[in-house]
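Me: Please go through this structure with me, one part at a time. I shall ask short questions as we go.

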Amino acid sequence: MTFINAIVTEKAPYHYSTDAITQAAGAWLASSPMERSLFKRLSASTQIEQRAFAVPLQELIGLAGPRERAKIFNEVGAAMLSKVIRGGIDASGLEPLDLHTLLMTSCSVPSIPSIDTLAIAEVGLSPAILRVPIFQYGCAGGAIGLSLAQRLSQRNGYTMLASVELCSLVHQPNDLQGGAIVGAAIFGDGAAAVVVSERPGPLEVVSCQSYLIPQTGDLMGYAIHDDGPHLHLDREIPHALLEAAPRCISEFLGSLDLSSSDIKWWIFHPGGAKILSSLEGTFELRREQTKWAWDSLRENGNMSSASILYALKSFVDERSYRPGDLVLMLGIGPGLTLQVNLLRCHR
C-alpha cells in the first residue's frame, strides 16, 4: 500500500484582496472600457476573496517578455520550491537524504534546467535523486503527479511531488481576449509538496486513472506567440467536462466494484465556481462533501496544479473523516484531461 505522509503549502510573497486586484486592473484596462467592465463582473462572480503573486501588482501589469519572466521564476519559484521541500521533509520526520525521488509539476515557465536543480542543492537532497520535472499537464499536474508518485514510491521509496505555479507570469497585458481576461480574474501563485511512501499515513492512494476526452484539445492551453505563451480558455470547457466526467468516474469506480454513492468525500480541482457548482449538481453532492475545493478557491484563486494539493491539505488538516472513508480526487487539465484518484482515509 502507498500512503500520503505529509502535505505542505507555500503562498507567493505578495497578497492582495480581490478589491485591490480589481482596482489595479482598472489602470491596466483604462483605455478598454468593455474589458474593464468584464473584468469587474468576473471578479465579483468568482467567489475568490484574495490571491497571492510572485511580484507586486504594479510590476505584474507591466511584465516584459520571456526573459524577465524566466528570471522571476528562477528566483521566486526556486525559493518557494525549497521551502515546500524542506517543509515536506520536516513534516514527514525525514532527513533530506531519505528522499529518493522528486517530481515537480509546473506550467508557468519552461525553464531549462528546471528549478528543481536549484532546490536540490539548496535543501541538500542527494545529487543522485531521481528527478521528474513535468510541464505540460497544466492544472491536472497535481492529481496526475500524485498518481505518478504512487507508482514511483513503490519502487524507489520516499517520493515527493512538488508543485510550483506562478500563473501570474503567463499574464500578457496586451492580450484582451476573453480567455485572457478570465485568467487574469482567477489565477494566482502558490507552491505545494506531498510526501508519498509505503509508511502508513493519513491517506492511502488506492487507485488512479487518467482519461483524455476526445476532440477537446483546443479548449484549454497556451497559444505560443512571439512574446511568449497566451492563455486560452474556451467557454465550452464546463460543458465538455460535465459531459465526460460522469462516464469516466463511473467507469473508474465500476472497475473497483464501487459507485459514486460509496464515495464520502470529493476533492475537485478548484478551477472556478461554475465548474465546482456544476460538478456538485451532477453528482448530487452536499457542500460539506466538497468544501475544501471551495475554500482553496476562495483563499487563493486557481493556482493550476498546486490548487488541488491545497484542497487536499485542508481536507487532511480538518479531520472530518473517519478511518475507512473513501475520497475521490478529480484533476482537470488541458487535453482535456481528467485524472481520477481514489483515496482511503486511515487516521
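Reply: Two terms come up at once: helices (H or I, at least four residues) and strands (E, at least two) are DSSP runs, numbered from the N terminus, and contact means heavy atoms within 4.5 Å. The model is predicted, so local features need pLDDT of at least 70 and side-chain atom pairs count only at pLDDT 80 or more, while totals for chains, interfaces and linings use all residues. Residues are numbered from 1 along each chain as its sequence is written, and side-chain values use heavy atoms, with hydrogens and water left out.

Me: What covers the buried residues of α7?

Reply: The cover includes α1, α2, β3 (50-53) and β10 (228-233). Buried means under 20% relative accessible area, exposed over 50%, and partly exposed in between (1.4 Å probe, protein chains only). Helix α7 spans residues 178-186, and 7 of its 9 residues are buried. These are G179, A180, I181, G183, A184, A185 and I186.

Me: And α1 and α2, at what angle do they pack?

Reply: Helix α1 (residues 18-28) and helix α2 (residues 33-45) pack at about 170 degrees, and their axes are 10 Å apart. Axes are lines fitted to C-alpha atoms, for helices over the stretch in contact, and angles run from 0 to 180 degrees between N-to-C directions. Angles under 35 degrees count as roughly parallel, over 145 as roughly antiparallel, 65 to 115 as roughly perpendicular and the rest as oblique. The pair α1 and α2 is therefore roughly antiparallel.

Me: Which residues meet there?

Reply: From α1, T18, I21, T22, A25, G26 and W28 meet R36, F39, K40 and S43 of α2. The residues of this contact divide into 4 nonpolar, 4 polar and 2 charged. Here Ala, Val, Leu, Ile, Met, Phe, Trp, Tyr, Cys and Pro count as nonpolar, Asp, Glu, Lys and Arg as charged, and the others, Gly among them, as polar.

Me: Now the sheet. What is the strand order?

Reply: The open sheet has 9 strands in the order β5-β4-β6-β7-β1-β8-β13-β12-β11, with mixed pairing. Two strands pair if DSSP finds at least two bridges between them. At the edges stand β5 (130-134) and β11 (265-268), each with a single partner strand, so one side of each has no neighbour in the sheet. The average twist from one strand to the next is 25 degrees.

Me: How many bridges does β1 form with β7?

Reply: Strand β1 pairs with β7 (residues 189-197) over 8 bridges, in the antiparallel sense; E10 has A191 as its bridge partner in β7. With β8 (residues 203-212), β1 shares 3 bridges, again antiparallel, and I4 is partnered by L203 in β8. In β1 (residues 2-11), 7 of 10 residues are buried.

Me: Is V205 in β8 buried or exposed?

Reply: V205 counts as buried because its relative accessibility is 2%. Leaving aside residues up to four places away in sequence, V205 touches T2, I4, L146, Q150, L342 and L343. The C-alpha atoms of V205 and Q150 are 7.0 Å apart, although the two are 55 residues apart in sequence.

Me: Last topic: which residues of the largest nonpolar core touch the most other members?

Reply: They are F39, L81, I85, L125, L328, L330 and L338, in a core of 85 residues. A second, separate core of 31 residues includes L146, I267, W292 and Y321. A nonpolar core is a set of buried Ala, Val, Leu, Ile, Met, Phe, Trp, Tyr and Cys residues joined through side-chain atoms within 4.5 Å.
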